[in-house]
Protein chains: 2
Amino acid sequence: MKFCSECAHPVTLKIPPDDTRARFVCDHCHTIHYQNPKLVVGSIPVWKKDGEVKVLLCRRAIEPRHGYWTLPAGFMENGESTSAAAMRETVEESGAHIELHELYSMINVIHVDQVHLFYLATLLDLDYAAGTESLEVALFTEAQIPWDQLAFQTTIQTLQFFFEQTKKSDQTTPFKIYYSDITRSRHSA
Amino acid sequence: MKFCSECAHPVTLKIPPDDTRARFVCDHCHTIHYQNPKLVVGSIPVWKKDGEVKVLLCRRAIEPRHGYWTLPAGFMENGESTSAAAMRETVEESGAHIELHELYSMINVIHVDQVHLFYLATLLDLDYAAGTESLEVALFTEAQIPWDQLAFQTTIQTLQFFFEQTKKSDQTTPFKIYYSDITRSRHSA
């Protein structure tokens, strides 16, 4: 940020009165420009048949991580709820018809100022198709997942937790959300 | 937003190529200025003694809702996790020493583009004191809470859910997060 979005004068990075953090402050109109973390929201679309559990992944047609696989997810927009964002991103990227369930993972990606949320979802049919931001969309069992071709740490951790929970035979285990904080990783998120 | 924060030229609200939503786009350097929901994060500091359950509330010294009571909470900052934000806001507003537990409520406040998260917390001692953003800080039983003097719907809903859960004698009930979407309310959030 170089200029004030309200009056076009240059901004200075400084700690405003009654604050403890440096902010971009306009020297002319004195607007303080706060910058805060963004929510990235998506789903884990699950297909169960004949005792086999598969999840739907999308291969990215956009940067970052072009060509790598990910759970359908994207930036939450103003004017929508987290669950509406998860549904929208899933439809946009995979064309999948899903029923959305509980929040399943909440992962802070601190070094990029993002919080990632994934909702559990049931894939309702096999009538899916890559959206404009995906090269292809496909179903994978745990063994089939291209683990070294996954785009983001948040996808890796959410999928690992999901298959771990799925294998636990004791169905009376209370539902647990997966929480994690990532500060640095090999990938951009 | 009126001017580009990168080059100071005027921005126009329009739908960029390959997008479906109107964004502020710079007509000069073509930067797209995305605007996304913000996270407001706080805690429910709980004090249990002799079978009595109390929560710590802060009376706001700032707008919006100056003079009204709220759970300690505030905007999550870049470079921190959601739990770190909950801890920081609690300390800043109430001076309380707490131990932070699970995420307890997640409430979308859609008409102001916010997602509110509250963590359950144990108040470790009674050595608390109002911070600069609070007029006073005090402990309340359910019956003592000034329900018509609470600042925000998200505080009201979280406290109602908390006391409802607390009264359930069956302690084997699985831990549940409270989810809600608010689109409009009498208060600003």
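Two strands are said to pair when DSSP finds at least two bridges between them. The views below show a predicted model.

**Figure 1. The hairpin of S4(B) and S5(B) in close-up.** Strand S5 of chain B covers residues 52-60, and its pairing with S4(B) is antiparallel, with four bridges. Lys49(B) has Glu52(B) of S5(B) as its bridge partner. Two residues lie between the strands of this hairpin, and Asp50(B) adopts a positive phi near 50 degrees.

**Figure 2. Strand S4(B) and its other partners, S9(B) and S7(B).** In general, the strands of a sheet pair through backbone hydrogen bonds, in either a parallel or an antiparallel sense. S4(B) takes part in both kinds of pairing: with S9(B) it runs parallel, joined by nine bridges, whereas its pairing with S7(B) is antiparallel and has three bridges. Opposite Leu39(B) stands Val115(B), a residue of S9(B). On the S7(B) side, Val41(B) has Gly74(B) as its bridge partner. How many of the twelve residues of S4(B) are buried? Nine are, so the strand is largely enclosed by the rest of the structure. Here, buried means a relative accessible area under 20%.

**Figure 3. The second largest pocket and its lining.** The space in this pocket amounts to about 1,100 Å³. Its lining consists of 40 residues, and those closest to the centre are Ile62(B), Gly74(B), Phe75(B), Glu89(B) and Glu133(B). Four elements of chain B each give two or more residues to the lining: strand S4 (38-49), strand S7 (73-75), helix H1 (82-94) and strand S9 (114-123). Which element gives the most? H1(B) does, with four residues. Sorted by class, the lining holds 15 nonpolar, 14 charged and eleven polar residues.

**Figure 4. The open three-stranded sheet of chain B.** The strands follow the order S1-S2-S3, and their pairing is antiparallel. S1 and S3 are the edge strands of this sheet in chain B; each has a single partner strand, so one side of each is left without a neighbour in the sheet. Four bridges link strand S1 (residues 11-14) of chain B to S2(B). Within this pairing, Thr12(B) stands opposite Val25(B), and Lys14(B) stands opposite Arg23(B). On the other side, S2(B) pairs with strand S3 (residues 32-33) of chain B over two bridges. Val25(B) appears in this pairing too, where it stands opposite Ile32(B) of S3(B).

**Figure 5. The side chains of S2(B) and the hairpin that joins S2(B) to S3(B).** In a regular strand, side chains alternate between the two faces of the sheet. Strand S2 of chain B (residues 23-26) shows such a division: Arg23(B) and Val25(B) point one way, while Phe24(B) and Cys26(B) point the other way. Which of these residues are buried? All of them are, on either side of the strand. Five residues lie between the strands of the hairpin of S2(B) and S3(B), and among them His30(B) has a positive phi near 65 degrees.

**Figure 6. The open three-stranded sheet of chain A.** Chain A also contains an open sheet with the order S1-S2-S3 and antiparallel pairing. Its edge strands are S1 (11-14) and S3 (32-33) of chain A, each of which pairs on one side only. Strand S2 (residues 23-26) of chain A runs antiparallel to S3(A), and two bridges join them. Phe24(A) has His33(A) of S3(A) as its bridge partner. In the chain as a whole there are two helices and eleven strands, and 51% of the 189 residues of chain A are buried.

**Figure 7. The contact between chain A and chain B.** Each side is given by its own chain: 38 residues come from chain A and 38 residues from chain B. The two chains bury about 3,400 Å² between them, and carbon and sulfur atoms give 49% of this area. Which three residues of chain A supply more of the area that it buries than any other three? They are Pro37(A), Glu77(A) and Asn78(A), which supply 16% of the area that chain A buries against chain B.

Notes. Residues are numbered from 1 along each chain as its sequence is written. Chains are lettered from A and ligands numbered from 1 in the order in which they are written. This is a predicted model: local features need pLDDT of at least 70, side-chain atom pairs count only at pLDDT 80 or more; totals for chains, interfaces and linings use all residues. Side-chain values use heavy atoms; hydrogens and water are left out. On a 1 Å grid over the protein atoms alone, a cavity is a set of points where a 1.4 Å probe fits but cannot get out, and a pocket is an open set with protein on both sides within 12 Å along at least five of seven lines; lining residues have an atom within 4 Å of a point. Grid points are joined across faces, edges and corners, and a volume is the space filled by probe spheres set on the points. Ala, Val, Leu, Ile, Met, Phe, Trp, Tyr, Cys and Pro count as nonpolar, Asp, Glu, Lys and Arg as charged, and the others, Gly among them, as polar. Buried means under 20% relative accessible area, exposed over 50%, partly exposed in between (1.4 Å probe, protein chains only). Contact means heavy atoms within 4.5 Å. Buried area is the accessible area (1.4 Å probe) that two parts lose on being put together, summed over both.
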